[in-house]
Amino acid sequence: MAPPAAKVSGFHREGNDWFCTASLPSDVTVVVERVNFHIHKFPLISKCGKIEKMFEESQGIHEAKFTTSLEGFPGGPDIFLIAVKFCYGVRVELTPRNIIMVYCAADYLGMTDAYGEENLLSKSESFFHKTILRNWKDCILALQSSDPVMPMAEKLHIISKCLNALSMMVSTDPSLFGWPMMMYGSLQSPGGSILWNGINTGARIRSSESDWWFEDISYLNVLLFKRLIQTMEARGIRSENLAGAIMYYTRKYLPGLGRWQSGQSGKTMTVASFSLTPAAVDQRVLLESIEKLLPEKKGKSFCRFLLGLLRVALILGVNQTCKESLMRRIGMQLELATLDSLLIPTYSDSDTLYNNDCVEQIVHHFISSEPRITSFSPASLDLETSPLSGPLRKVAKLMDSYIAEVASDVNLKPGKIRSLAEALPESSRSLHDGLYRALDIYFKAHPWLSEKEKEQLCNIIDYQKLSIDACAHASQNERLPLRVVLQVLFFEQMQLRTALAGCLHVIDNENAPAGPITISSDMAGQIVQRDGWVTVVRENQVLKVDLERMRSRVGELEEEFTKMKQEMKKVSKTHSSLNSPRMVARRIGCKLLPRASDAQADTVDSTAPTPRASVEQARSSYHSGHRKTFSLF
């Protein structure tokens, strides 16, 4: 039986020895990790089944003092002291930081109810289920302190119960039940706002749709974080939220990742996080573990995160499987990448500035990947939707910009430029202006290239896919080989000829009678080949229409001029007949003898072919008539 509790005033330590302050001398010594506990037999055997069995096994040994050692005791000397105090009837305090270790220690010592009602095991189990599993903050603290007893806690299903409790609280909207997440405990006012030292702060507890839990779970170690994410995934937490938590956790413990993550907000401290301490994390182990947790999703921000993760992976030197998986994930959503995130510096002994081999592998993964990857919801991770035919064109444009950016590297070999350009199929580029610009930059940065090397690089360009501006520039580019310039000029003439032929074909169809007009696919492909040549065709059509309008207007003006000539002729005849001398003489009752000049004037007037001559003749007749009339008076 146990001695009266009143006789035990406490425990004190002297070096590596703990002593019970009691009137009786100790008769048992228990060694836990080189720390000696000098205690009494009866309080231990009355509460601990394991100690009782050890005494029964040692009955044949006659020693004045019983000594035993507890190897692998969960929690070490500090937790054993709590168990010893409980055996002596001293009040012990169970906290979120020690509950899991005390739970495991009570199970290790066999402190069940068979050795006394409300023994340490039942008390620990009750405190764990009624307090820890119902409180967000306490559950996080308990998991954080479970590292020393992880194997035994796994055996007792303590860890899985904590993880299930956390995932349930994350997936449950507290506003549905009128209670907050228990991470705030008693720090909530009746109105629902957070209290700090009894003062209403006015801050409201956010619902499960927000990221309020990202910061708190980031204090768990990598193993527990990985298991928690897996538990949440099995419970059906949205992949967008899981990806957000993974990205938050990774940025926290990989500081170099933040350099390539622009626009990221700072840490959001919660009430629970003030009492938590960051976990000790091996960055390489973290990255290799996190990569396996990433969902098979696509999004603009997520793609940028993956590219930043690949940079850090190359710096840390993770295993090849991890790097290949990251490149595969990036390749499946390469159309969402940006040029600045794709420029991955070389961290090895390579002479080039950027890791072009890595980018080339990513492009190969993009070509070989199937469009089976789904996207995040638009409101979650900056999804950028595009038509089904868009990704290939976007990646081609991105690669042209990438080649142009790295082309100025003096150590970049011509073969690498060619392999980067040919990584995509020919159908991916409707225009080759981007390739031409990249090669022009490369030739400018590498003036020592021979004509043969330049011609070999220029073979990747389809001159029929150059715009008018690119053809005009190439035809005057002194850095290009002469043979290439001649080819550009030849194809430029062919394009102009095809465009003009298409223009005339379209105009003929417009002038033709109304009816169904059919154009062959080859002719349509020749007429509408690229934006530059289509512009030429349209401009020719406009000019042709303007020319027809001008021709019609000229015809109208000619008709009006002919009518004017006829009217003027009529007016001239009428005017000359009214003002002749004979008419004047008749009006005044006189007769004039005919003159030779009058006869001659009549003859000339009758033979005048033009209105101008008629007018002149009319004028002379008018003046002579006046003179004759004057002579009569």
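**Strand pairing and helix packing in the predicted model**

Strands β2 and β4 pair in the parallel sense, with 3 bridges between them. In this predicted model, the register of that pairing is marked by Trp18, whose bridge partner in β4 is Phe37. The pair belongs to an open sheet of 5 strands, arranged in the order β1-β2-β4-β3-β5, in which the pairing is mixed. At the edges of the sheet lie β1 and β5, the latter spanning residues 66-69, and each of these two strands pairs on one side only. From one strand to the next, the twist averages 20°.

On one side of the parallel pair, strand β1 (residues 10-14) is joined to strand β2 (residues 17-21) in the antiparallel sense over 5 bridges. Glu14 stands opposite Asp17 of β2, and the two strands form a hairpin with 2 residues between them, where Gly15 in the turn adopts a positive phi of about 65°. The side chains of β2 alternate along the strand: Trp18 and Cys20 are directed to one face and are buried, whereas Asp17, Phe19 and Thr21 are directed to the other face and are not buried. Trp18 thus combines a buried side chain with the bridge to Phe37 noted above.

Strand β4 (residues 35-39) is also paired with strand β3 (residues 28-32), the two running antiparallel and being joined by 5 bridges. Within this pairing, Val30 has Phe37 of β4 as its bridge partner, and Phe37 is likewise the partner of Trp18 from β2. The loop between β3 and β4 contains Glu33, a residue other than glycine whose phi is nevertheless positive, near 50°. Glu33 counts as exposed because its relative accessibility is 54%, the cut-off for that class being over 50%.

Helix α3, comprising residues 76-87, lies across β1, β2, β3 and β4, and runs at about 10° to β4.

A further packing arrangement involves helix α4 (residues 99-109) and helix α5 (residues 120-130), whose axes come within 8 Å and cross at roughly 150°. The two helices are therefore roughly antiparallel, a description applied to angles over 145 degrees. The crossing of α4 and α5 is left-handed. On the α4 side, the contact is made by Ile99, Val102, Tyr103, Ala106 and Asp107, while α5 contributes Leu120, Leu121, Ser124, Glu125, Phe127 and Phe128. When these residues are grouped by class, the contact of α4 with α5 consists of 8 nonpolar, 1 polar and 2 charged residues.

A positive phi is also found at His157, which has a value of about 65° although it is not a glycine. His157 is located in the loop between α7 (150-155) and α8 (158-171), whereas Glu33, with its positive phi near 50°, is placed in the loop between β3 and β4.

Methods: Residues numbered from 1 in each chain as written. Predicted model: local features only at pLDDT ≥ 70, side-chain atom pairs only at ≥ 80, totals over all residues. Heavy atoms only, no water. Axes fitted to C-alpha atoms, helices over the stretch in contact; angles between N-to-C directions. Helix = DSSP H or I, 4+ residues; strand = E, 2+ residues; numbered from the N terminus. Parallel < 35°, antiparallel > 145°, perpendicular 65-115°, else oblique. Left-handed = near helix turned anticlockwise from the far one by under 90°. Contact = heavy atoms within 4.5 Å. Nonpolar A, V, L, I, M, F, W, Y, C, P; charged D, E, K, R; others polar. Pairing = 2+ DSSP bridges. Buried < 20%, exposed > 50% of the residue type's maximum accessible area, 1.4 Å probe, protein only.
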